[in-house]
Amino acid sequence: MATWNSRGLRGSTLEDLINRTNEKYQENGLALIQKIPTPIIPVNIDKATRHITLAYFEQKSTVDYIGAVQGIPVCFDAKECTVDRFPLQNTHEHQVRFMEQFEKQGGVAFFLIYFSHRDLFYYLPFEMFRFFWDRAQSGGRKSFLFEELNPEYILPKKHGILVPYLDIFRKDVEERESI
């Protein structure tokens, strides 16, 4: 059983940015995306602050977010990377299977990766991720390099939107439809 402790909150700032973006998209009628909480079983609680300091994950999580964009079902996972090499061990096989099944049902799955040392967000379509995943499963590199990514999927800075992924999402959907 996996454990969680307070040092494991590296991605919480990223999640806050995405949550605020999703609220803005919802306010503007563009998307309805919800954060999927990972159920935990508390083990230690700091009585003074009433904060959980140690817990076990109750079950495996699938993805971080799920919802719909203009009638299109979407699911995505948010990841943070501090270097130009993204380790695939940060993603679990059950998550990949879920995303694969989600796409087979007509949904769109992707990753939002924050390369913190570059201060940029990247939209990684599931198909691109799957290429890297399959390469690793076949004995190849267990990570992918920033330089292997298509620069057209870097999220542009946009005033008022913290993680502006909808424009690149639209590009992803249009490219899928043209195939």
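In which helix do glutamate 93 and arginine 97 both lie, and how many residues apart are they? In this predicted model, both belong to helix H2, which covers residues 93–104, and they stand four residues apart, about one turn of the helix. An α-helix has 3.6 residues a turn, so residues three or four places apart point the same way. The side chains of glutamate 93 and arginine 97 meet in a salt bridge, with N and O at 3.5 Å. Glutamate 93 is partly exposed, its relative accessible area being 46%, and arginine 97 is also partly exposed, at 41%.

Helix H2 takes part in another salt bridge, formed by glutamate 100 with arginine 130, whose closest N and O atoms are 2.6 Å apart. This pair links distant parts of the chain, for arginine 130 lies in helix H3 (residues 126–137) and glutamate 100 in helix H2, 30 residues apart. Glutamate 100 has a relative accessible area of 27% and is partly exposed; arginine 130, at 23%, is likewise partly exposed.

A further salt bridge joins the side chains of glutamate 152 and lysine 171, at 2.8 Å from N to O. Here too distant parts of the chain are linked: glutamate 152 is in the loop between strand S10 (143–145) and H4, while lysine 171 is in helix H4, 19 residues away. In addition, Glu15, Lys35 and Asp64 are joined into one network by salt bridges that share partners. The count of salt bridges comes to 16.

Helix H4 itself deserves attention. Its twelve residues, 166–177, should span 16 Å at 1.5 Å a residue, and the C-alpha atoms at its ends are indeed 16 Å apart. Its buried residues are Leu166, Ile168, Phe169, Asp172 and Val173. Seen down the helix axis, these buried residues fall within an arc of 160°, so they line one face of H4.

H4 also gives the most to the lining of the second largest pocket, contributing six residues. This pocket has a volume of about 240 Å³. Its lining has 14 residues, with Val69, Gln70, Leu166, Asp167 and Arg170 nearest the centre. By type, the lining comprises nine nonpolar, one polar and four charged residues.

Glutamine 70 is of interest for its backbone as well: it has a positive phi of about 50°, although it is not a glycine. Glutamine 70 sits in the loop between strand S5 (65–69) and strand S6 (72–81), and it is exposed, with a relative accessible area of 57%. Aspartate 119, also not a glycine, has a positive phi of about 55°. Aspartate 119 lies in the loop between strand S8 (108–115) and strand S9 (120–125) and is partly exposed, at 42% relative accessibility.

Key
Residues numbered from 1 in each chain as written. Predicted model: local features only at pLDDT ≥ 70, side-chain atom pairs only at ≥ 80, totals over all residues. Heavy atoms only, no water. Helix = DSSP H or I, 4+ residues; strand = E, 2+ residues; numbered from the N terminus. Buried < 20%, exposed > 50% of the residue type's maximum accessible area, 1.4 Å probe, protein only. Expected span 1.5 Å × (residues − 1). Arc of directions from axis to C-beta. 1 Å grid on protein atoms, 1.4 Å probe; cavity = no way out; pocket = protein on both sides within 12 Å on 5 of 7 lines; lining within 4 Å. Points joined across faces, edges and corners; volume = space filled by probe spheres on them. Nonpolar A, V, L, I, M, F, W, Y, C, P; charged D, E, K, R; others polar. Salt bridge = Lys/Arg side-chain N within 4 Å of Asp/Glu carboxyl O.
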